[in-house]
Structures are given as C-alpha cells and as structure tokens.
Amino acid sequence: MASSSYTNSPCAACKFLRRKCLADCIFAPYFPPEEPTKFANVHKIFGASNVSKLLNEVQPHQREDAVNSLAYEAEARMKDPVYGCVGAISVLQRQVIRLQKELDATNADLVRYASGSARPPSQYGRRATTASVSSTRHHSGLSFLSPLSSNHHDDPYCHENEEGN
C-alpha cells in the first residue's frame with residue numbers, strides 16, 4: 001500500500017479539493033501530497049466523487065491497483081482523449097504483427113542461406129536490416145519505441161502515417 005502522510009499534510013486529493021484531510025480519508029493512502037498531478041489527472045477524467053465511490057466498492061487489498069489503473073488511464077486520456085491507453089495498445093499490437101512478419105521473412109532468408117541456395121541479403125537489398133529499420137520506424141508512426149531513430153514525434157500516441165494491418 002502507498003504511504004499515507006495525512007498526519008503531516010493533506011493528501012493530494014484533499015489539497016486539490018480544498019478540504020480538510022481526515023484520518024479516515026479514502027484518498028490519503030493512494031494520493032500522497034508529493035504527487036498532486038496524479039490526483040488532478042484522475043479527477044479531471046473520472047471525477048472525485050466517482051473515484052471515491054469506486055474505492056469504497058473495491059476490496060481494500062485491491063484499491064492500490066485500482067488507483068494505479070485509474071491514474072494510468074487518466075494520463076493516457078490526457079495525451080489521447082479519444083483512444084486513451086487503447087490507442088497505445090493498438091499501436092503496439094500492430095508493431096508486434098509487423099515485427100513478426102519481418103522475423104518470419106528473416107528466418108526464411110536464414111534457412112535459404114544455411115542451405116547454400118542464396119546469398120544473405122545486404123543492407124541495400126530488398127529488406128532493411130536492423131540498423132536501417134530503426135531509422136525508418138518513424139514512418140510507421142512508432143518513433144516512440146525507437147530510440148535510435150533521428151526523427152521523433154513528441155506524442156507517443158501519434159496515429160498519423162500508421163500502416164493499415
């Protein structure tokens with residue numbers, strides 16, 4: 001469970017809502033005063049009343065996970081109001097499919113090379129190598145996963161230029 005520091009200062013929720021933080025505050029263990037933006041984002045997306053109701057309905061041992069999930073979704077919704085974390089999951093799923101296809105093709109090339117029936121593909125051949133793939137990931141809208149790429153978008157949930165799979 002997260003540390004509750006409501007004895008010294010009000011939790012982030014009570015401070016944000018400008019109310020007195022009581023000893024039995026439902027928010028205090030999960031929204032410490034050192035993390036004010038965590039509650040601000042959750043409040044903006046879900047509302048303090050809804051979060052309070054949810055925390056009261058959830059078993060005490062599950063509350064921290066519930067708050068972490070709400071905070072993650074709220075942060076994702078702040079970045080991408082339409083898709084939230086589903087947008088990030090979708091982008092990652094498409095990347096997994098694309099990389100699996102690339103791996104299958106590379107394994108097929110390896111089998112052909114090992115059997116002696118073909119030369120290994122060069123960097124300038126029909127398929128890019130790992131080094132050149134990292135520099136082209138920006139064009140598929142996945143630059144946030146490629147630290148080697150020289151072209152980066154600031155938004156990790158960018159949906160422009162996505163491949164249609």
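This tour moves through the structure one selection at a time, saying at each stop what is to be found there.

**The whole chain**

Begin with the entire protein chain on display, bearing in mind that this is a predicted model. A cartoon view should show 6 helices and 0 strands, so that the pattern read along the sequence is α-α-α-α-α-α. Colouring by accessibility is a useful second view, since 33% of the 165 residues count as buried. As for how the chain meets itself, residues 24 or more positions apart account for 50% of the contacts with a separation of 6 or more.

**The largest nonpolar core**

Next, select Cys11, Phe27 and Phe31, which have the most contacts inside the largest nonpolar core, a set of 20 residues. At least two residues of this core come from each of helix H1 (12-17), helix H2 (36-46), helix H3 (48-57) and helix H4 (63-79), and the greatest contribution is that of H4, with 4 residues. As a general background to this stop, nonpolar side chains in soluble globular proteins tend to be buried together.

Staying with Cys11, show the residues around it: apart from neighbours within four places in sequence, Cys11 is in contact with Cys21, Cys25, Phe27, Ala28, Phe31 and Pro33.

**The phenylalanine rings**

Now display the rings of Phe16, Phe27, Phe31 and Phe39, which ring pairs link into a cluster. How many aromatic pairs does a search of the whole structure find? The search gives 4, and one of them is the pair of Phe31 and Phe39, which is edge-to-face, with 5.2 Å from centre to centre and 80 degrees between the planes. Those two values are given together because a pair of aromatic rings is described by the distance of the centres and the angle of the planes. Phe31 counts as buried, because its relative accessibility is 0%, and Phe39 is likewise buried, with a relative accessible area of 0%.

Before leaving Phe31, add Lys38 to the selection, and look for its charged end, which sits over the ring of Phe31 at 5.7 Å from the centre of that ring.

**Helix H2 and its two sides**

Lys38 and Phe39 also lead on to helix H2, where, together with Val42, they make up the buried residues. These residues cover an arc of only 90 degrees around the axis, and therefore lie on the same side of H2. Turn to the other side of H2 and select Thr37 and Lys44, both of which are exposed. To see what covers the buried residues of H2, bring back the neighbouring helices, including H1, H3 and H4. Just after H2, Gly47 takes a positive phi of about 90 degrees.

**Helix H4 and Leu70**

Which residues of H4 are buried? They are Arg63, Ala66, Val67, Leu70, Ala71, Glu73, Ala74 and Ala76, and they pack against H2, H3 and H5. The helix itself has 17 residues and reaches 24 Å from its first C-alpha to its last, close to the 24 Å expected at 1.5 Å a residue.

Within H4, centre the view on Leu70, which is buried, with a relative accessible area of 13%. Leaving out neighbours within four places in sequence, the contacts of Leu70 are with Val42, Phe46, Val51 and Leu54. A distance label between the C-alpha atoms of Leu70 and His43 should read 9.7 Å, although the two residues are 27 apart along the chain.

**Helix H5**

Move on to helix H5, residues 85-114, whose 30 residues reach 43 Å from the first C-alpha to the last, close to the 44 Å expected at 1.5 Å a residue. Its buried residues are Cys85, Gly87, Ala88, Val91, Gln95, Arg98 and Asp109. Just after H5, Gly116 takes a positive phi of about 85 degrees.

**A last stop at Arg18**

Finally, return to the loop between H1 and H2 and select Arg18. Is this residue buried or exposed? Arg18 is exposed, with a relative accessible area of 77%. Its phi is near 55 degrees, a positive value in a residue other than glycine. For context, most residues other than glycine have a negative phi.

Conventions. Residues are numbered from 1 along each chain as its sequence is written. This is a predicted model: local features need pLDDT of at least 70, side-chain atom pairs count only at pLDDT 80 or more; totals for chains, interfaces and linings use all residues. Side-chain values use heavy atoms; hydrogens and water are left out. A nonpolar core is a set of buried Ala, Val, Leu, Ile, Met, Phe, Trp, Tyr and Cys residues joined through side-chain atoms within 4.5 Å. Buried means under 20% relative accessible area, exposed over 50%, partly exposed in between (1.4 Å probe, protein chains only). Contact means heavy atoms within 4.5 Å. The arc is that of the directions from the helix axis to the C-beta atoms. The expected span of a helix is 1.5 Å times one less than its number of residues. Rings of Phe, Tyr and Trp (its six-membered ring) pair if their centres lie within 6.5 Å; planes under 30 degrees apart count as stacked, over 60 as edge-to-face and the rest as tilted. A charge sits over a ring if NZ of Lys or CZ of Arg is within 6 Å of the ring centre and within 35 degrees of the ring normal.
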